[in-house]
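User: I have a structure open and keep meeting words such as cavity, pocket and sheet. Can we go through what earns each name here?

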Amino acid sequence: MRVRDLPLPQSVVGHFSERGVRELYPPQRAAVDAGVCDGANVVAAVPTASGKTFVAQLALLTADGPGLYVCPLRALAREKYETFAALPGVDVGISTGDFDATGEELAGNDVVVATSEKVDSAIRNGASWVDELACVVVDEVHLLGAKRRGPTLEVTLATLRRRNPDLQTVALSATVDNPEAIADWLDAALVESEWRPVELRTGVAVGGDVSFDDTTRTVDVVATEDADESGTADPDDEADPTEVTAALVADTVADGGQCLAFVRSRREAVDLAERLAGDGLAGALGIEDAAATAADEATDVDGTLTGQQLAECLRAGVAFHHAGLRSGHRSVVESAFRDRDVACICATPTLAAGVNVPARRVVVRDQRRYAEGGMEWIPTLEVHQMCGRAGRPGLDPHGEAVLVAAADTRAEVRERYVEGEPEAVESKLADPGALRTHVLAAVATGFAATETEILDVFEGTFYARETGAGGLADAVAVAVDDLVAAGMVARETGGVEDYRLVATAVGETTSKQYVRPETGERIVAGLRAAAGLSDATTLTAFEVVCDTPDMQDTYLGNAERADIYRFARSNAAHLTTGMTDPDDFEGWLESVKTARILDEWTGGVTVEELVERYRIGPGDLDSRVERAEWLLSAAEALGETTGVRVPAVSRARSRL
C-alpha cells in the first residue's frame with residue numbers, strides 16, 4: 001500500500017514523499033485495514049520504530065474535526081509537536097503546563113499536543129474545546145500501568161469518551177502481554193505485530209563472549225584485575241561489567257555505528273561516559289570537529305560542573321543523559337546523536353521511553369536497580385523498550401541489543417529479557433492517593449454528586465473493564481470519608497440511603513489548581529500556621545509548599561543530615577512544622593533542604609553554587625523551581641479561598 005493511495009491531501013502526500021515515506025509498513029497497512037482513516041477505534045501494539053507516529057498522523061489528518069495527541073512526557077510532546085507542525089496546512093497547538101487554566105487558546109487548532117495531566121486539568125477547569133474533538137490519539141498507552149501517571153491517563157481518556165461518545169480513539173502501545181484487554185476497553189480493533197523495519201537481534205554478553213540465538217561473537221575486553229604482567233586476566237576471573245560495556249561500544253564504533261548504553265543510575269551514567277571518553281571514539285568515528293561543536297553548545301547552556309563534565313565527554317564523542325540534566329543539555333545530546341556527532345550516549349532508562357534516538361547497538365549493562373526492598377529486576381517491558389532503540393531504518397542492516405550479565409545470571413537474564421514476554425498492563429486507579437484525587441475532581445466538576453454517581457463516572461475506566469466499577473465501591477467510600485475529613489468534600493442529606501456530595505470551597509480550589517487533596521490540605525494548614533508566625537519569610541512559604549506530596553523529593557545524603565538538621569533548628573521560628581511533628585522525619589528534612597535551596601536561589605545564589613553545595617543536578621533545580629511556582633500559585637489561590645493571606649507566599653513566587 002502506497003501513501004499516495006490514502007485519503008490525504010496531495011500536499012501532505014508530497015511532504016511524506018520528500019522524507020522518503022512512500023510505502024506503508026505492514027503494521028501501518030494493518031491499521032488502515034482496521035479503519036484508522038475511517039474513524040474507527042484502533043489499538044496498535046507494535047515494537048519501537050515500527051511506524052506508530054505515522055498511524056497517529058493518519059488518524060488525525062483524516063478525522064472529521066479537531067484532534068488531540070496525548071503523550072506522557074514534555075520532551076516527547078515537543079518532539080511530536082514539531083513533527084505535526086511540519087505537516088503542510090495543519091495548525092498545531094501544544095500545552096504542557098499552567099495546570100490552573102482551561103487552555104482555551106488551543107481551540108481552533110487542527111491538532112493539539114498535550115500531556116494527559118494538562119488535558120485532565122483543562123477538563124477540571126471547564127475547558128470547552130475538549131467537547132469539539134473528533135479524534136484522540138494516546139501515545140504510550142501501556143503507561144496505564146504506571147503508579148503516578150496511569151490513573152490520570154485512564155480517567156482522562158474515560159472522561160473524554162464519556163463526554164463525546166462519537167470520539168475516535170487511537171491508542172499506541174509497546175508490545176505488552178494483554179493488548180486485547182486495552183482494545184476491548186476502548187471498543188477498538190487490535191493491530192498487534194512483532195514486525196520491525198530493521199531486524200533486532202538480542203544477545204547476552206558474559207565477559208567477551210556475546211551469545212545470540214544462532215551465533216556467538218567475541219569482543220576484546222580490557223583486563224582490570226588479577227592480570228599478569230602481559231595484561232592478560234585469569235580466565236576464571238569475572239569480567240568487569242563496565243569493561244564489557246566499553247568493549248561492546250568500541251566494537252560498534254569501529255564498525256562505523258553508534259551505541260546507547262543503559263545503566264541504573266545517574267552517577268553511573270556519568271562514570272561510564274567519563275570512562276569511555278578516554279577510548280578515542282570521536283576519532284574512530286571521524287567526528288572530532290562535530291563533537292567539539294556539540295561540546296561548545298553544551299558549555300553555552302550553563303557553567304555548572306555537570307555542564308562542564310558533559311562538555312568534556314562530548315568533546316571525546318561521548319555523552320551522558322539523565323533527568324538531572326537541564327533541558328538544554330538534553331537537547332544538545334539528543335540532536336548531536338541524531339546528527340551522528342556523538343558515538344555513544346550513556347543513559348538511565350528514562351531515555352528509552354522518551355525521544356527518538358535510535359542506535360546500531362544498545363547495551364543494557366544493568367538489569368537490576370535499587371528499590372525499597374533492595375536490588376530488584378527491572379520490568380521486562382522496560383528492558384524491551386531500551387532494546388527497541390537498536391537499529392536505524394535505512395542505515396543499519398540489523399540492530400543489536402546486548403544484555404551484560406555475569407556467568408551465574410546468564411540463564412536468568414536470557415529467560416527474563418530475551419525469551420520472556422513483557423508484563424501485562426494493570427490499572428493503578430484503586431491506589432488510595434490516586435482515587436482521592438479523581439473522586440474529588442468528579443465531585444468538584446459536578447460530574448458526580450453521590451457515591452453511586454462517582455462509580456458511574458469510573459464505569460468507563462480500564463479498571464472497571466477489568467474488575468467492574470463495583471469493585472471500587474468500598475475504596476470510593478473510604479476516599480469520600482478521607483475527603484470529608486480533610487475538608488475537601490461535604491455531605492448534604494439527600495435521602496435515607498444516600499447523601500449529596502458537594503465540594504467545599506477549598507476542595508474546588510484544590511481540584512482546579514490541580515494539586516492532590518493531601519497537598520491542598522497541607523498548604524491550608526501551612527498557611528494558617530504561617531499566619532500565626534511573628535516573622536513569616538520566603539523560607540516559610542517555600543517550606544509550606546515543599547512539604548507536600550506534589551513537590552518532588554530532593555535526595556538527602558548521609559553527610560548532609562546533620563547540616564540540614566542544624567539549619568532547621570536555627571530557623572525554627574520561620575518554619576510551620578516543628579521537628580517533633582512530622583510522621584516522616586526523613587521526608588521532612590528533605591523538604592527543608594528543598595526549601596532552603598529555593599530560598600537561596602531566589603536570594604541570588606547561582607545555579608553553579610547550589611549544584612555543588614547540595615549535590616543536585618541543574619535539571620533538578622529547574623524542576624523544583626517550576627514545581628514551586630505552580631504550588632505557590634496554588635497556595636495564593638487557597639489563601640484567597642480561606643481568607644488566610646500570607647504575604648511571604650506572594651513574595652516567594654515573585655522572586656521565582
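Analyst: Gladly. By the rule used, the count comes to 2 cavities of 30 Å³ or more. Keep in mind that this is a predicted model.

User: What makes the largest cavity a cavity, and what is its volume?

Analyst: Its volume is about 100 Å³. A space is called a cavity because a 1.4 Å probe fits there but cannot get out. The largest cavity is counted under that rule, at about 100 Å³.

User: Which elements give two or more residues to the lining of the largest cavity?

Analyst: The lining includes Asp120, Val155 and His438. Helix 5, helix 6 and helix 16 (432-444) each give two or more residues to it. By class, this lining has 6 nonpolar, 4 polar and 2 charged residues.

User: How do you know that the second largest cavity passes the cut-off of 30 Å³?

Analyst: About 40 Å³ of space lies in the second largest cavity. The count takes cavities of 30 Å³ or more, so a cavity of about 40 Å³ is included. Among its lining residues are Val70, Cys71, Ser116, Asp139 and Arg149. The lining divides into 5 nonpolar, 1 polar and 3 charged residues.

User: Why is the second largest pocket called a pocket rather than a cavity?

Analyst: The word pocket is used because the set of points is open, with protein on both sides within 12 Å along at least five of seven lines. The second largest pocket has a volume of about 610 Å³. Of the 28 residues that line this pocket, the closest to its centre are Glu194, Leu200, Thr202, His384 and Val418. Strand 8 (199-206), helix 14 (380-387) and helix 15 (410-418) each give two or more residues to the lining. Its classes are 12 nonpolar, 7 polar and 9 charged.

User: How do you know that strand 2 and strand 4 pair?

Analyst: Two strands pair if there are at least two bridges between them. Strand 2 (residues 67-71) and strand 4 (residues 111-115) are joined by 5 bridges, so they pair. They run parallel. Tyr69 stands opposite Val113 in strand 4. Helix 5 (residues 116-124) packs on the sheet and touches strand 2, strand 3 and strand 4.

User: What makes strand 3 and strand 7 edge strands?

Analyst: Each pairs on one side only. Their open sheet has 7 strands in the order 3-4-2-5-6-1-7, with parallel pairing. Neighbouring strands in it are turned by 15 degrees against each other on average, direction ignored. Helix 6 (residues 150-163) lies across strand 2, strand 5 (135-138) and strand 6 (168-173).

User: Why do strand 10 and strand 12 have one side without a neighbour in the sheet?

Analyst: This concerns the open sheet of 8 strands in the order 10-9-8-17-14-11-13-12, whose pairing is mixed. Strand 10 (216-218) and strand 12 (318-321) each have a single partner strand, so one side of each lacks a neighbour in the sheet. On average, neighbouring strands of this sheet are turned by 20 degrees, direction ignored.

User: How do you know that strand 11 and strand 14 pair?

Analyst: Strand 11 (residues 259-262) and strand 14 (residues 361-364) share 4 bridges in the parallel sense. At least two are needed, so the two strands pair. Ala261 stands opposite Val363 in strand 14. Helix 13 (residues 327-338) lies across strand 11, strand 12 and strand 13 (344-347). Helix 13 runs at about 135 degrees to strand 12.

Conventions:
Residues numbered from 1 in each chain as written. Predicted model: local features only at pLDDT ≥ 70, side-chain atom pairs only at ≥ 80, totals over all residues. Heavy atoms only, no water. 1 Å grid on protein atoms, 1.4 Å probe; cavity = no way out; pocket = protein on both sides within 12 Å on 5 of 7 lines; lining within 4 Å. Nonpolar A, V, L, I, M, F, W, Y, C, P; charged D, E, K, R; others polar. Axes fitted to C-alpha atoms, helices over the stretch in contact; angles between N-to-C directions. Contact = heavy atoms within 4.5 Å.
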